[in-house]
Amino acid sequence: MRGPELKALTSVRGIAAWFVVLFHIRFALGLPDPEMHLLAKGYLAVDFFFLLSGFVIWMTWGDRIRTGGLSVVPGFLRRRIARVWPLHLVLLAFGVAIAATLELTGRGSDQFPWHELPLHILLLQNWGFTEHLTWNDPAWSISCELAAYLLFPLLALAMDWRRVPSWGLIAAVAALLALLHAIFASRGAWALGQEILQLGLIRCLIEFAAGTAIGALWLRWREHWRLPALLSFGLALAFAAGWALGLPETLAAPATFAALLLGLALTSAKRGNPLEIAPLHYLGEISYATYLSHYLLWFAFKLAFVENEHAVPWPMVAGFLLLVLLASVALYHLVERPAQKWVNALKLLPGTGRGTAPLQRRGGGGPPSTSDMI
């Protein structure tokens, strides 16, 4: 049985996905420097996704795996496969079609190295096997998420956040984010978007783990949420201000997002929350399709209609954004959701299929049903 959805988190997921879209097309927008500087940070939306993914998966599966042990793991992995793989494969097939068309017309592209295609099919491309982002670039984060999914059962069995005091949970989040900063600093990296192929995996795993501890704080404070929410938003503002004043991005950005995530979770489902309006929530529902489709759509759009990426008329940019929105709707309803239902109905491994036990209701309304994102 599932508890009420934390709709505000779903909405923010949609906003973050569109931030990534604007990041990838920013040079076509012709915006002044302040706006361009803001859009140039669009890659940081992925860090919020990693934290949110850890948060939601802990809510949904932490107790189940601790209670059911290894017997629950196949069902967990099947649902993760159903969540991320079918749409990834469909869009990878779209990339193959683009690559084949370029080859047939004598315009081969370094974006589509055929020898790396098996790694992308298996979502292993960001595990240290490649030297460049290729094929569908945003899928690098899905590759890292797959590693987090595989390791999550070990975390759930080894660490019961319920037994850790609140100060210990806060300390754990702080230590994890400090470790992330230290790793980037040791490589001379000043931005989280640097060295994705070398540092993207550890970036995901650390932020995912921090998200699980934030989820434990939410469980503890959700009934008496006002003061913790106020403190969380205050911390988010403080870290953001420190970031603006020179605090390193590799420390300030994840800390800002971690505090913001907790504040948003604590205030979700509260009356009058503007993030829970239907249009924003729907953008969150289709956000995985938006995130995964826009890059290849932009690649194909430029091939067909754009001669100079730095001088694209606004009507054409608006047309592309509408294309992404319509493609997201179609992919969500025609591919993503049906494929999830089909895969979840299969009995591929012992302990999977329709016989998987339902989620247990927790006191106070049960876990959030916000579906996790990359």
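Good morning. By contact I mean heavy atoms within 4.5 Å of each other. The structure I present today is a predicted model. In this chain, among contacts between residues at least 6 apart in sequence, 78% join residues at least 24 apart.

Let me turn to the overall architecture. The chain has 13 helices and zero strands. Its radius of gyration is 20 Å, close to the 21 Å that the globule rule gives for 374 residues, so the chain is as compact as a globular protein of that length. The C-alpha trace spans about 60 × 55 × 45 Å along its principal axes.

Next, the surface and the interior. Of the 374 residues, 54% count as buried. The accessible surface of the chain comes to about 16,600 Å², and carbon and sulfur atoms account for 69% of it. As for charge, there are 28 positive and 22 negative side chains, with the centres of the two sets 15 Å apart.

I close with the aromatic residues, which form 17 pairs. In one of these, the ring centres of W61 and F76 lie 5.3 Å apart with the planes at 70°, so the pair is edge-to-face. This pair links helix α3, which holds W61, to helix α4, which holds F76. Both W61 and F76 are buried. A further pair is W298 with F320: the ring centres are 4.7 Å apart and the planes stand at 55°, so this pair is tilted. Here W298 belongs to helix α12 and F320 to helix α13, 22 residues apart. W298 is buried at 3% relative accessibility, and F320 is buried at 0%. Finally, W61 and F76 also belong to one aromatic cluster, together with W58, F152, W161 and F208.

Definitions and conventions
Residues numbered from 1 in each chain as written. Predicted model: local features only at pLDDT ≥ 70, side-chain atom pairs only at ≥ 80, totals over all residues. Heavy atoms only, no water. Helix = DSSP H or I, 4+ residues; strand = E, 2+ residues; numbered from the N terminus. Rg over C-alpha atoms; globule rule 2.2 N^0.38 Å. Buried < 20%, exposed > 50% of the residue type's maximum accessible area, 1.4 Å probe, protein only. Areas by Shrake-Rupley, 256 points an atom, 1.4 Å probe, with all protein chains shown as cover. Lys, Arg positive; Asp, Glu negative; His and termini not counted. Charge placed at Lys NZ, Arg CZ, Asp CG, Glu CD. Phe/Tyr/Trp six-rings, centres within 6.5 Å; stacked < 30°, edge-to-face > 60°.
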